[in-house]
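Here are some notes from my read-through, as promised. Have the structure open while you go through them.

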Amino acid sequence: QLCAVLFALALRSSLWLPALLYALWLLADRDTPRRGGRQSTWVRSWPIWNHFRDYFPISLLRTVELDPSLNYIFGFHPHGVLAAGAFANFCTEATGFGRLFPGLRPHLLTLPCWFRLPLMRDYMLAGVGLSKPLHGFGTQQESESFCFGGDAHPGALTLQLLSRKGFVRIALQHGAPLVPVFSFGENELFQQVPNPPGSILRRLQQRLQRILGVALPLFHARGVFQYNFGLLPFRRPIHTV
């Protein structure tokens, strides 16, 4: 939201020409998210990511070595409300992905809507190197799952897999081995407002999801100086295997 507001203000100010040129650049650069972005080792290694890791804390455990000459599809579950484990482990070097899997360059797939936001889009591409999802991966369904399903509620674990086999087909088509990744503790970071099937809240969320392309959960956790209510996640350990 901040990036969109800043861009709109630039268009209405004396910076309208640079903002217009930037908009033209976005149009010309629209296919970059499908091609892996523009990763920056410098941004992936920012010291702030170490503080992000230590807040929970988050750890990455390797159970098998991977051949760097091959391409892989990592199936990360569960998503959680904000996918903190996926971000720390695959978008930064805070947990040592490059050391554990030398020669591999991770790209975290996410919803296309995030690549339509000015400024933030280029941070995502150049900084943490996210990629626009390919057809068949079903990230929109995954967005629905953490909002409407039980897998993002503390103490619950319901994976959305039976109706989402597109990633298996893509793996077969491209000869990419599937690597299961499970993130223990991902669902314990936030409390969600109850939204059982048929409730008014759930119907409202489903309608917004159809309009915006992303599900919007109502969640809360802790504050800065108190631990009962706020938008900061709880400090619960996350172990990604």
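Which residues are exposed on the other side of α9? That is taken up in point 2, after a word on the buried side; the salt bridges come after that.

1. **The buried side of α9.** Keep in mind that this is a predicted model. Helix α9 spans residues 166-174, and its buried residues are Gly 166, Phe 167, Ile 170 and Ala 171. They sit on the same side of α9, because the arc they cover around the axis is only 140°. The spacing fits the textbook picture: an α-helix has 3.6 residues a turn, so residues three or four places apart point the same way.

2. **The other side of α9.** Here is the reply to the opening question: Leu 172 and Gln 173 are the exposed ones on the other side of the helix. Have a look at Leu 172 on your screen, since it is exposed there along with Gln 173.

3. **What lies over α9, and what follows.** The cover over the buried residues of α9 includes two strands, β2 (73-77) and β3 (178-184). Right after the helix comes Gly 175, with a positive phi near 65°.

4. **Salt bridges overall.** The structure has 8 salt bridges. As general background, side chains of opposite charge can pair when their charged atoms come close. I'll pick out a few below.

5. **A bridge across the chain.** Arg 38 pairs with Asp 122 in a salt bridge, with 3.2 Å between the closest N and O atoms. This one ties together distant parts of the chain: Arg 38 belongs to the loop between α2 (16-28) and α3 (41-44), while Asp 122 is in helix α7 (residues 120-128), and the two are 84 residues apart. Asp 122 is buried, at 16% relative accessible area, whereas Arg 38 is partly exposed, at 29%.

6. **A second partner for Asp 122.** Asp 122 also meets the side chain of Arg 121 in a salt bridge, 3.4 Å from N to O. Arg 121 has a relative accessibility of 3%, so it counts as buried. Add Asp 29 and you have a network of salt bridges linking Asp 29, Arg 38, Arg 121 and Asp 122.

7. **Asp 31 and Arg 34.** Their side chains form a salt bridge too, at 2.9 Å from N to O. Asp 31 is partly exposed, with a relative accessible area of 30%. Arg 34 also counts as partly exposed, at 47% relative accessibility.

Methods: Residues numbered from 1 in each chain as written. Predicted model: local features only at pLDDT ≥ 70, side-chain atom pairs only at ≥ 80, totals over all residues. Heavy atoms only, no water. Salt bridge = Lys/Arg side-chain N within 4 Å of Asp/Glu carboxyl O. Buried < 20%, exposed > 50% of the residue type's maximum accessible area, 1.4 Å probe, protein only. Helix = DSSP H or I, 4+ residues; strand = E, 2+ residues; numbered from the N terminus. Arc of directions from axis to C-beta. Contact = heavy atoms within 4.5 Å.
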